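Hi there,

Here is the structure I promised to pass on. Have a look at it first, and my notes follow below.

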Amino acid sequence: MMKIEEAMENSMSISESDFVIVDRLKSDPESDEYKNRLYDSIETAFWEGEGDCTIYDFSDKKSHSFNNRFELDGIEFEIPSKDFLSFNNPYGACKKCEGFGSVLGIDENLVIPDPSLSIYEGCVAPWKGEIMSDWKKHFIQKASKIEFPIHRPYSELTKAEKKLIWEGRKDILGINDFFKHLEDNNYKIQYRVLAARYRGKTRLP
Ligand SMILES: [Zn+2]
């Protein structure tokens with residue numbers, strides 16, 4: 001503990017673990033004088049600490065930190081209000097879909113128009129044609145190595161298997177990678193046309 005003047009004279013550097021002591025008090029919860037002084041000191045601490053205040057308890061040698069922001073675990077939150085809690089209000093509506101519950105995205109029903117077909121039979125509609133069928137070939141080749149049921153109808157696949165078709169994995173490219181590829185090359189008009197064919201209103205996950 002030292003005076004600020006002393007620290008300045010010795011040109012000490014101040015680190016984040018250093019504190020400025022605003023007040024030292026002996027606890028006396030019954031006394032109004034104590035309470036008033038405590039409130040004042042806490043207010044000063046928040047002001048000088050730009051929203052942070054730490055109270056050091058000499059009885060158990062522990063410090064307790066507080067801040068006057070709407071914050072937890074380092075995340076600052078918006079202070080909720082009536083409007084904030086209503087999806088019908090622009091202030092409260094989901095930022096992604098603006099409260100409509102759906103966004104323009106890749107429509108699963110357009111990509112897989114006939115779920116009774118298997119991957120092998122071509123259930124993924126955009127993976128047809130001379131060039132795009134390379135994606136289907138790639139998937140079948142890679143997936144059969146990990147015993148993926150390439151002959152099973154899409155509708156009978158498990159959640160995890162469907163997920164693999166869409167999301168792929170490190171060494172397997174999926175439908176999402178395919179559309180990412182179209183997007184990355186959207187300077188080509190045929191790619192833009194192809195991608196647009198599968199775009200529709202999709203429910204936000
Ligand atoms: Zn939403």
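**What I found**

The chain is assigned two domains, domain 1 (4-72) and domain 2 (102-203), with bounds that come from an automatic or database domain assignment. Taken over C-alpha atoms, the centres of domain 1 and domain 2 are 59 Å apart.

Two notes before the rest. Residues are numbered from 1 along each chain as its sequence is written. This is a predicted model, in which local features need pLDDT of at least 70 and side-chain atom pairs count only at pLDDT 80 or more, while totals for chains, interfaces and linings use all residues.

On overall shape, the C-alpha trace spans about 85 × 45 × 35 Å along its principal axes. The radius of gyration of the chain is 31 Å, where a compact globule of 205 residues would have one near 17 Å (taken over C-alpha atoms; the globule rule is 2.2 Å times the number of residues to the power 0.38).

There are seven helices and six strands, and along the sequence they run α-α-β-β-β-β-β-α-α-α-α-α-β. Both kinds of element are DSSP runs numbered from the N terminus: helices are H or I with at least four residues, strands E with at least two.

Buried residues account for 10% of the 205 residues. Here a residue is buried if 20 or more other C-beta atoms lie within 10 Å of its own, exposed if 12 or fewer, and partly exposed in between, with C-beta atoms placed from the backbone.

Helix 6 (residues 175-184) is a good place to zoom in. Its buried residues are Ile175, Phe178, Phe179 and Leu182. They fall within an arc of 90° seen down the helix axis, so they line one face of helix 6 (the arc is that of the directions from the helix axis to the C-beta atoms). The face turned away from that buried side carries exposed Lys180, Glu183 and Asp184. Among the elements covering the buried residues of helix 6 are strand 5 (102-106), helix 4 (133-145) and helix 7 (189-197).

What about the nonpolar core? The largest one has 15 residues, and Val111, Ile119, Val124 and Ile175 have the most contacts inside it. Such a core is a set of buried Ala, Val, Leu, Ile, Met, Phe, Trp, Tyr and Cys residues joined through C-beta atoms within 7 Å. Helix 4, helix 5 and helix 6 each give two or more residues to this core, and helix 6 gives the most, with four.

Best wishes

Conventions. Contact = placed C-beta atoms within 7 Å.
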